[in-house]
There are 2 protein chains.
Amino acid sequence: MPDPSRRFADQNCSIARTLEIVGERWTFLVLREAFLGVRRFDQMQADLSIARNILADRLQTLVAAGILERRRYQDHPPRSEYRLTLMGLDLYPIVISLMRWGDRYQTEHGPPVVLTHRACGREMTPVMACPHCSEEVTARDVTFAPGPGAVPGTHPAVVAARAR
Amino acid sequence: MPDPSRRFADQNCSIARTLEIVGERWTFLVLREAFLGVRRFDQMQADLSIARNILADRLQTLVAAGILERRRYQDHPPRSEYRLTLMGLDLYPIVISLMRWGDRYQTEHGPPVVLTHRACGREMTPVMACPHCSEEVTARDVTFAPGPGAVPGTHPAVVAARAR
């Protein structure tokens with residue numbers, strides 16, 4: 001199978017461009033580790049049972065993309081830890097959405113992990129909501145149209161939607 | 001590189017289990033097509049510039065998982081279309097979260113596609129919010145603990161968080 005990267009990068013699509021950077025299954029689990037507060041290579045490696053070279057590769061990709069920041073915390077022997085940048089922290093909705101769907105459809109005994117909202121103190125699963133009216137947003141509640149970043153290659157279904 | 005599928009399925013983690021099913025880049029773009037209302041193989045193939053055998057494989061995986069439903073719409077010659085099931089529609093927050101992050105960090109001229117919330121009529125980008133207090137939820141607003149589906153193998157960081 002040819003490397004599909006070129007096709008991905010070519011697409012004027014924010015989903016494709018995000019996947020270009022984080023769209024690999026191990027990468028999401030490395031991000032899970034980071035969001036759980038795990039910062040060190042050896043702990044990630046133990047949690048994920050991942051080959052060391054694969055973990056090193058994924059970490060390097062995430063650092064190069066500006067999603068993780070590498071910080072030396074010990075010099076003898078040299079040891080570094082990995083922390084999410086602000087750009088990395090903004091990946092949280094993706095990770096939570098993946099978790100939520102799995103909790104709903106792929107567990108037998110309920111969620112392995114539960115979340116509590118610090119601000120209100122309630123156990124909760126975040127939902128997608130409209131920032132204006134605060135109502136939950138599902139696929140059927142949304143219409144789409146070409147945006148400022150649209151180019152002549154804009155998706156035909158998007159163009160058709162505007163025409164309706 | 002060995003197939004990491006086994007490792008993924010072994011993990012008692014809803015993120016890993018979701019990725020087991022949809023965690024492949026083309027799969028997310030096939031889902032994008034479905035959410036844009038594209039239902040036919042040839043149109044998806046044209047939009048994605050994807051090899052026909054890869055598209056057929058991804059569609060079959062999504063049908064087998066119960067995410068897409070295949071319906072015959074013409075008998076001579078035989079033609080089918082693919083529609084999201086309820087379980088498939090529930091993947092929307094994942095797709096939107098991927099899009100939102102790409103819009104924010106990977107575009108030069110703004111979002112290629114903009115969304116409007118039918119209920120309130122405003123152009124918007126959905127946010128992750130607490131279903132109880134409606135406040136936006138970011139990574140720093142959440143604490144986690146083992147849930148009902150936790151097993152002795154529960155992630156050490158989750159156990160440690162509860163102990164704090």
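Two residues are taken to be in contact if their C-beta atoms, placed from the backbone, lie within 7 Å. In this predicted model, that criterion places 85 residues of chain B in contact with 85 residues of chain A. On the side of chain B that touches chain A, the leading contributor is helix α7 (residues 92-105) of chain B, which supplies 14 residues. Sorted by class, this side of chain B comprises 50 nonpolar, 22 polar and 13 charged residues.

The relation between the two copies is a pleasingly simple one to describe. Chain B superposes on chain A after a rotation of 180 degrees, with 0.0 Å of shift along the axis and an RMSD of 0.0 Å. This is therefore the relation of a two-fold axis. The same surface serves both copies, as 100% of the contact residues of chain B recur in chain A. Which residue of chain B comes closest to the rotation axis? That place belongs to M128(B), whose C-alpha lies 2.4 Å from the axis.

M128(B) leads naturally to the strands β5. Strand β5 (residues 127-129) of chain A pairs with strand β5 (residues 127-129) of chain B in the antiparallel sense, over three bridges. Within this pairing, V127(A) has A129(B) of β5(B) as its bridge partner.

A further link between the chains involves strand β3 (residues 113-117) of chain A. This strand is mostly covered, with four of its five residues buried. Across the chain boundary, β3(A) pairs with strand β6 (residues 142-146) of chain B, antiparallel and over five bridges. Here V114(A) stands opposite A145(B) in β6(B).

Within its own chain, β3(A) has another antiparallel partner, strand β4 (residues 123-124) of chain A, and two bridges join the pair. T116(A) of this pairing stands opposite E123(A) in β4(A). β3(A) and β4(A) form a hairpin with five residues between the strands, where G121(A) takes a positive phi near 75 degrees. Strand β3(A) thus takes part in pairing both with chain B, through β6(B), and with chain A, through β4(A).

Turning to the division of a single chain, chain A is split into domain 1 (1-90) and domain 2 (138-164). The C-alpha centres of these two domains of chain A lie 31 Å apart.

Terms used
Residues numbered from 1 in each chain as written. Chains lettered and ligands numbered in written order. Predicted model: local features only at pLDDT ≥ 70, side-chain atom pairs only at ≥ 80, totals over all residues. Nonpolar A, V, L, I, M, F, W, Y, C, P; charged D, E, K, R; others polar. Pairing = 2+ DSSP bridges. Domains from an automatic or database assignment. Buried ≥ 20, exposed ≤ 12 C-beta atoms within 10 Å, placed from the backbone. Least-squares fit on C-alpha atoms with pLDDT ≥ 70 in both.
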